[in-house]
Amino acid sequence: MNSREIQIGKVHIGGGLPIAVQTMCNTHTSDVEATLKQCREAAAAGCDIIRITVPSSSDVAHITKIRQTLRAEGIEIPIVADIHFSSQTALAVAPHVDKVRINPGNFHRDHAVAREKFARLIEVCKQNGTAIRIGLNHGSLGEYITNLYGNTPEAMARAAMEWLEMCLDNDFSQAVVSLKSSNTITMVEAYRTLVRMMEEAGLDYPLHVGVTEAGGGIPARMKSCAAIWTLLSEGIGDTIRVSLTEDPVNEVVVGRYLEARRSGRIVSTLRSVTVEAGKAIARYESPSLETLVLDFSCDFGKALLDKRLSDITLEGSYVADDGSVVDLAATSEGKELADELLQACRVRFYGPEYIACPGCGRTMYDLQGALAKVKERTKGLSGTVIAVMGCIVNGPGEMADADWGYVGEGKGMVSLYKGKERIRSHVPEAEAPDLLLSLIRDSQE
C-alpha cells in the first residue's frame, strides 16, 4: 500500500518512510515526574512517538506540562493523547499535543451525534496542526456498526472507512488509522480488508499496526511479531506499537527489531528449513533466546496465519545469558516454543491463552503482578482464553475474544467476567485468582 506522508510533531510517517516505533506510558498521568521518567527512558531507547492517557479533563494540564518539560530538555518526541469516550476531553487536549488517539464511534451512543462530535474535533485539530489516530479495537466498535456487520474484521474496516471518509470530506489530511485485536487472525484480516477498501476508494491514509492486549513474556512477543511482521512483509503498516504488559522500553526494543528487519538491517538467524506436507522443520543458531523468539515468529508466523503450514518443529541452539549454548534438541524448550507459536497463530492450542492490556494511566492496581498470579493458578487450563485487564473503562469491551475476564476495579478489588457478563464484583485481589480458577473448573464439570 502506498500511503501518504503525514506529520506528527516533528516525526513524519507514511510515504515510504522508515517504520516509526511507538510505545505508551503505563504511569498515572497525574504523576508527572513518573510519566516524564518513562518518556525519557523510551526516547533514549529509540522510541519515535509516545502515547499518554488522558482519563479526564483534569489531566489536560498534566500532559501539557509533560510535553512542555520534554521540549525544554530538548526531547522533541511527539506526544499523543489517548482518549476514551469523552469528545470534550479530546477537544480540550488537542491544542496541547501532537496527536489525539480516539475511537469516534464511542463519542456518543447516537451515531449521528458521534459524527457531529468527530467533525468538531477535526476542525480543532486542523486549526492546531494536530494529527488524529482513528483507533478501532475489536470488541469496542459500538452498536451502530456491529448491528450492521457483526463484531468482525469487515465491521472494523467499514467503521474505519466511514471516519476516514469524514476526514477526506473535511479536507483533513493528518490522519492515521489502526484496527487492533488480541486475536492475530482477526487483526491481520481486518487490516487486509481495510487496505482493499481504501484502495478501491482511492484513500491513502497511513496505518498504525499492532496486536492489542498481547500480554507479556514470550507469548506476547510471538503474537505481536507473527501478526505485525505478516503485514509489514506485505507492505502494510507505517508505524507500529508492540503492546506488552511490561516496561514500555521493552516494547521499543521489539518494535525497533521489527523496523530494522523491515528495512533490511537485520537478517534472521534461521540456518535451514525443510517443509513437507504442510509441516516444517526449522533450525536456528541464535545469539540469545529473545533473538530466537523474534526471528522464529517472523519467519513462520505468516505461513501459519495463512494456513500454509499446519505444524512446525524447532531445532538448533541459542546462547543463554550465562554464555552457555542451549541445544534445543536436548531439552523440551524447542517443542515448547513451537507450541507457543502455533497457539499465537491459532493453529493449535496446547494451554490457556492470556489476553492482557499493557496498563496505562487508568490502571488502578498491579497489573503485571496480577497477570503473573493468574497465569500461575490457571496454567493447566488448556484451550481457555483468559483476559487480565487494567480497568473497567474499556477492559470488558476489549476482551471480546476471552472466555473469562479478570478486571481491576481499584482499591484492592477485582471484577470477574464470564464472557462479557460480570459474575463477581468487589473481589479482594488476594482471593481473586483462586476464585477465578474455581469458577472456571465449576463451569467445566
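Start with helices H12 and H14, whose crossing is right-handed. The model on your screen is a predicted one, so please read each stop on this tour as a view of a prediction.

**Stop 1: H12 against H14**

Select residues 432-444 to bring up H14, then add H12, which spans 367-378. The two helices pack at an angle of about 40 degrees, and their axes are 9 Å apart. H12 and H14 are therefore oblique to each other. To see what touches what, show side chains for Lys-373, Val-374, Arg-377 and Thr-378 on H12, and for Pro-433, Asp-434, Leu-436 and Leu-437 on H14. Colour this contact by class and you will find four nonpolar residues, one polar and three charged.

**Stop 2: the second largest pocket**

Keep H12 in view, since it gives the most to the lining of the second largest pocket, with four residues. Turn on a surface here if you like: the pocket holds about 310 Å³ of space. Which residues lie nearest the centre of the pocket? Select Pro-219, Glu-340, Pro-352, Tyr-354 and Lys-375 to find them, out of a lining of 19 residues. Besides H12, the elements that give two or more residues to this lining are helix H8 (217-233), H11 and S15. Coloured by class, the lining of the second largest pocket shows nine nonpolar, four polar and six charged residues.

**Stop 3: the loop after H11**

Now follow the chain from H11 (333-344) towards strand S15 (353-356), and pause at Arg-346 in the loop between them. Check its backbone: Arg-346 has a positive phi of about 60 degrees, although it is not a glycine. Why pause over that? Most residues other than glycine have a negative phi.

**Stop 4: H10 against H11**

Leave H11 displayed and add H10, residues 289-305. H10 passes H11 in a right-handed crossing. On the H10 side, the contact is made by Leu-289, Leu-292, Val-293, Phe-296, Ser-297, Phe-300 and Leu-304. Facing them on H11 are Glu-333, Leu-337, Ala-338, Leu-341 and Leu-342. Ten of the residues in this contact are nonpolar, one is polar and one is charged. Look along the pair and you will see an angle of about 45 degrees, with the axes 10 Å apart. H10 and H11 are therefore oblique to each other.

**Stop 5: H9 against H10**

Stay with H10 and bring in H9 by selecting residues 248-263. At what angle do H9 and H10 pack? The angle is about 50 degrees, and the axes are 12 Å apart. That makes H9 and H10 oblique to each other, and H9 passes H10 in a right-handed crossing. Show Val-253, Val-254, Tyr-257, Leu-258 and Arg-261 from H9, then Glu-290, Leu-294, Asp-295, Cys-298 and Asp-299 from H10, to display the residues that make the contact. By class, the contact of H9 with H10 has six nonpolar residues, no polar ones and four charged ones.

**Stop 6: the loop after H10**

For a last selection, walk off the end of H10 into the loop that leads to strand S13 (311-319), where you will find Lys-307. Lys-307 has a positive phi of about 65 degrees, and it is not a glycine. To compare it with your earlier stop, bring back Arg-346, whose phi is positive at about 60 degrees.

How values were computed: Residues are numbered from 1 along each chain as its sequence is written. This is a predicted model: local features need pLDDT of at least 70, side-chain atom pairs count only at pLDDT 80 or more; totals for chains, interfaces and linings use all residues. Side-chain values use heavy atoms; hydrogens and water are left out. Axes are lines fitted to C-alpha atoms, for helices over the stretch in contact, and angles run from 0 to 180 degrees between N-to-C directions. Angles under 35 degrees count as roughly parallel, over 145 as roughly antiparallel, 65 to 115 as roughly perpendicular and the rest as oblique. A crossing is left-handed if the near helix is turned anticlockwise from the far one by less than a right angle, and right-handed if clockwise. Contact means heavy atoms within 4.5 Å. Ala, Val, Leu, Ile, Met, Phe, Trp, Tyr, Cys and Pro count as nonpolar, Asp, Glu, Lys and Arg as charged, and the others, Gly among them, as polar. On a 1 Å grid over the protein atoms alone, a cavity is a set of points where a 1.4 Å probe fits but cannot get out, and a pocket is an open set with protein on both sides within 12 Å along at least five of seven lines; lining residues have an atom within 4 Å of a point. Grid points are joined across faces, edges and corners, and a volume is the space filled by probe spheres set on the points.
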